[in-house]
Amino acid sequence: MEELLLSRWQFGITTIYHFLFVPLTLGLSLIVAILETTYVRTGNEMYKQQTKFWGKLFLINFAMGVVTGIVQEFHFGMNWSEYARFMGDIFGAPLALEALTAFYLESVFLGLWIFGWDRLSKRLHAASIWVVALATNLSAFWILTANSFMQSPVGYIINNGRAEMTDFVALITNPYVFNQFPHTVLSGLVTAGFFVLSISAFHLIRKTHVDFFRASFKLGLIWTAVSLFLLMGSGHTQTQFIAKAQPMKLAAAEALWETASPAPFAVAAIIDEQNKTNPVELKIPAMLSILANNNPNTPVKGIKDIEKEYIAKYGPGNYVPAVTPMFWSFRIMVAAGSAMMVLVLVAGFLWWRGQLEAKPWVLKAVLWSLPLPYIANSTGWFVTEGGRQPWIVFGLQKVGEAVSPSVGAISIWISLIGFTLVYALLAIAAVYLVQKLVWQGPVDTPAKANKPVAKGASLWS
Amino acid sequence: MELSILWFILLTVLFIGFFFLEGFDYGVGILLPFLGKNDTERRVVINTIGPVWDGNEVWMITAGGAMFAAFPHLYATLFSGFYLALFLMLMALIVRGVAFEFRSKDENPAWRGTWDWLIFVGSAIPALLWGVAVTNLIQGVPINAKMQYVGTFFDLLSPYTLVGGIAFLLVFTFHGALYLTLKTEGELMERARSAAVKVGVLTAVFCLVLVGLTYTHTDLFASTGAGIALWGAVALFVGSYGCVYGRQYGFGFILSSLTVALTTIAFFWGLFPRLMVSSINPAWSLTITNAASSSYTLSIMTMAALALVPLVLVYQGWVYWIFRKRVNAKNLEY
């Protein structure tokens with residue numbers, strides 16, 4: 001059983017680490033594409049500098065996303081071989097399609113974009129970053145299609161103990177993916193917007209490259225406000241969908257042990273998983289019924305009742321996910337999103353009043369809140385994947401049945417320690433480079449606006 | 001044609017694309033510390049593959065995805081069985097990919113030197129391990145009746161597979177040197193040529209040993225086609241060596257590319273219809289029949305692959321055309 005635990009740790013670490021970089025890639029590729037298009041259409045050199053500055057940061061992040069993504073593709077076979085055997089027909093197809101339709105496009109056209117400044121026409125050069133941006137977001141669709149099957153299987157039959165695809169269209173039109181994809185992509189847009197805001201705030205506080213970062217702060221502000229608003233909306237509809245598609249996930253995220261009508265929303269709780277109860281709860285009456293069904297008089301099923309249904313359906317076993325981390329992850333995600341919303345609204349209001357730069361504490365708050373989108377992304381995925389436990393493919397295969405029988409604990413220890421160490425070292429190198437480039441600012445413009453030199457002034461002044 | 005046979009061919013095609021393209025950019029990475037005498041020269045060497053290496057690597061990613069989709073049992077048995085070898089390869093590919101992006105973003109010589117060294121290691125390890133892996137597939141590894149690998153990491157290392165690894169490493173290095181003769185100029189081009197001439201001798205020796213051991217350790221030559229392909233690869237290599245010696249770099253590179261392609265074809269042909277040979281019991285080998293996906297998945301994937309692979313070839317070829325010029329010290333991005 002040690003192998004199972006180690007494999008789960010390795011999967012968790014490599015996946016969370018990979019997803020630190022992916023959302024920024026999704027959003028920042030689009031921002032860079034928009035900046036370059038603006039440059040091409042207006043001919044304003046400042047936008048070329050914007051494209052290059054944010055483009056450089058994008059490339060560092062992109063490289064990290066790509067190399068950690070290679071591990072993602074191979075570790076299903078390495079650590080979860082029985083999952084690969086059981087699911088190959090269904091999971092392999094979107095993965096191969098992701099490579100064929102998206103990975104080729106993004107890597108080939110990114111190479112063209114990096115090296116093509118002097119070899120392509122302006123329009124073609126801008127078009128190549130658009131191809132990268134669209135391919136990157138398309139790749140998210142394919143991998144989420146694969147993940148959606150694991151959450152909510154469709155278009156398959158079980159044959160000779162393996163899941164076989166019977167309906168490709170059903171696989172790619174899984175209602176689950178149409179709830180998950182927008183929320184994931186929007187979280188990428190918010191991450192990128194907030195990244196732009198934080199770094200722009202850094203220079204606005206220091207009063208360096210002010211015109212340059214005023215422009216990017218403005219773009220970041222509008223971008224983040226709009227995508228954050230949509231993100232919250234998509235989160236709400238996704239939760240309502242989950243209430244029907246995966247009631248256990250919702251009940252666990254809310255630590256709702258007993259079916260209730262109307263169901264309250266617990267803002268905070270002390271959870272006793274052993275006795276399946278919450279000794280202390282701070283709750284808003286009927287709020288969960290409203291959130292889940294738009295109606296205060298509707299019931300929401302509790303963990304205990306759902307567990308009874310699952311035991312009747314799937315046989316004896318433990319079908320309750322880890323409630324405490326689910327409950328808090330969900331709240332941390334929502335809190336991080338709300339905090340970003342407050343910051344964006346305050347900063348936007350001050351901007352509109354023309355007082356933002358006179359209030360450095362607001363800019364500092366924006367700067368130091370850069371971890372917020374990352375926290376929300378990680379906890380959000382924790383809820384999605386944690387809420388599926390003990391299943392790896394909901395209702396079809398349990399995590400414990402999926403692990404590779406031929407891989408021993410020592411091998412997994414070696415890879416777990418190796419990956420973690422390399423990831424830590426690369427994180428240090430990447431953060432070092434990003435902060436260096438951020439301090440440096442746009443290379444071809446002076447940090448402070450040129451002051452006319454007084455006559456007779458020293459050359460060294 | 002049976003779809004599983006078609007997918008065996010498609011998998012072969014993906015591996016040919018992968019070994020041909022990544023082959024030379026592994027080679028360039030391996031030669032980097034030896035050919036680039038100063039930072040500018042090393043930047044020139046890296047920039048010869050700068051715009052294209054990432055797209056080249058996608059051929060490997062796609063081959064992996066195609067295995068997962070078309071032959072899930074191959075994907076499962078191979079990757080779990082060769083666990084530590086694959087772990088080493090992933091580590092190498094991680095640092096290699098990052099190194100290309102990071103090395104020139106800081107002036108510090110220690111920083112650049114470290115990443116250059118990692119590019120070398122990150123290119124040499126996968127080149128070596130793919131040779132070890134391919135020779136293991138055909139020599140056979142302990143696979144039981146349940147398609148599970150029952151050996152250890154050290155069972156993958158035998159004289160035959162180590163020779164296979166070194167031969168692949170050398171062929172890729174030679175192939176990379178020829179690529180550099182086409183993409184650099186002046187003194188650097190001369191150095192690439194003399195590297196090819198030196199490495200080529202060693203490559204020839206290891207290739208002949210590999211062919212000999214393939215006779216004694218595998219049943220590859222039981223298939224006439226595979227045998228002809230393998231000898232053909234050796235003959236093309238000799239031709240390629242002759243070309244580079246006579247400074248016919250274009251022909252030399254074409255012939256070294258064909259060497260890589262024909263070697264890949266020889267090993268896959270020798271395997272057919274098996275995918276992984278079981279050394280315990282031939283009946284337990286993974287084959288295109290017992291390891292394949294359902295015919296529905298295969299037909300969906302066939303349509304996708306036949307529509308998309310030619311398209312990929314077109315735009316990837318177009319990007320190579322855009323960057324067809326030789327690289328010099330001006331206009332360096334990395």
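**Figure 1. Ala266(B) sits in helix α10 of chain B.** The model shown here and in the other views is predicted. With 26 other C-beta atoms within 10 Å, Ala266(B) is buried, because a residue counts as buried once 20 or more other C-beta atoms lie within that distance. Setting aside residues up to four places away in sequence, Ala266(B) touches Leu220(B), Ala226(B), Ala229(B), Leu230(B) and Ala233(B). Phe154(B) serves as a distant marker in this view: 112 residues separate Ala266(B) and Phe154(B) in sequence, and their C-alpha atoms are 26 Å apart in space.

**Figure 2. Phe253(B) also has its place in helix α10 of chain B, which covers residues 249-271.** Phe253(B) has 23 other C-beta atoms within 10 Å and is buried, since the cut-off for that class is 20 or more. Apart from neighbours within four places in sequence, the contacts of Phe253(B) are Leu178(B), Tyr179(B) and Leu182(B). Ser240(B) is marked as well; 13 residues along the chain lie from Phe253(B) to Ser240(B), and 7.0 Å separates their C-alpha atoms.

**Figure 3. The largest nonpolar core of the model contains 271 residues.** Ala96(A), Leu86(B) and Ala266(B) are the residues with the most contacts inside this core. Helix α3 of chain A, residues 81-115, gives the most to the core, with 23 residues. Within chain A, at least three core residues come from domain 1 (2-246 + 323-440) and at least three from domain 2 (250-321). Ala266(B), shown in the opening view in helix α10 of chain B, is thus seen here as part of the core.

**Figure 4. Chain A and chain B meet through 54 residues of chain A and 57 residues of chain B.** On the side of chain A that touches chain B, α2 (45-79), α3, β2 (162-165) and α15 (409-440) of chain A each supply at least two residues. The largest share of that side comes from α3(A), with 22 residues. Sorted by class, the side of chain A that touches chain B has 33 nonpolar residues, 14 polar residues and seven charged residues.

**Figure 5. Strands β1 and β2 of chain A pair in the antiparallel sense over four bridges.** Strand β1(A) runs over residues 156-159. Two residues lie between the strands of this hairpin, and Asn160(A) takes a positive phi near 50°. Ile157(A) has Glu164(A) in β2(A) as its bridge partner, and Ile158(A) stands opposite Ala163(A) in β2(A). Side chains alternate along β2(A): Ala163(A) and Met165(A) point to one face and are buried, whereas Arg162(A) and Glu164(A) point to the other face and are not buried. Strand β2 of chain A is also one of the elements that supply at least two residues to the side touching chain B.

**Figure 6. The domain assignment divides chain A into domain 1 (2-246 + 323-440) and domain 2 (250-321).** The C-alpha centres of domain 1 and domain 2 of chain A lie 30 Å apart. Where the domains touch, 16 residues of domain 1 of chain A are in contact with 15 residues of domain 2 of chain A. On the domain 1 side, α7 (210-245), α11 (323-353) and α13 (371-386) of chain A are the elements that give two or more residues. Five residues of that side come from α11(A), the largest share. The side of domain 1 of chain A that touches domain 2 of chain A holds eight nonpolar residues, eight polar residues and no charged residues.

**Figure 7. Chain A as a whole has 15 helices and six strands.** This last view puts the close-ups of chain A in their setting. The radius of gyration of chain A is 24 Å and the globule rule gives 23 Å for 461 residues, so chain A is as compact as a globular protein of that length. Taken along the principal axes, the C-alpha atoms of chain A fill a box of roughly 90 × 50 × 40 Å. Of the 461 residues of chain A, 50% count as buried. Among the contacts in chain A between residues at least 6 apart in sequence, 74% join residues at least 24 apart.

Terms used. Residues are numbered from 1 along each chain as its sequence is written. Chains are lettered from A and ligands numbered from 1 in the order in which they are written. This is a predicted model: local features need pLDDT of at least 70, side-chain atom pairs count only at pLDDT 80 or more; totals for chains, interfaces and linings use all residues. A nonpolar core is a set of buried Ala, Val, Leu, Ile, Met, Phe, Trp, Tyr and Cys residues joined through C-beta atoms within 7 Å. A residue is buried if 20 or more other C-beta atoms lie within 10 Å of its own, exposed if 12 or fewer, and partly exposed in between; C-beta atoms are placed from the backbone. Domain bounds come from an automatic or database domain assignment. Two residues are in contact if their C-beta atoms, placed from the backbone, lie within 7 Å. Ala, Val, Leu, Ile, Met, Phe, Trp, Tyr, Cys and Pro count as nonpolar, Asp, Glu, Lys and Arg as charged, and the others, Gly among them, as polar. The radius of gyration is taken over C-alpha atoms; the globule rule is 2.2 Å times the number of residues to the power 0.38. Two strands pair if DSSP finds at least two bridges between them.
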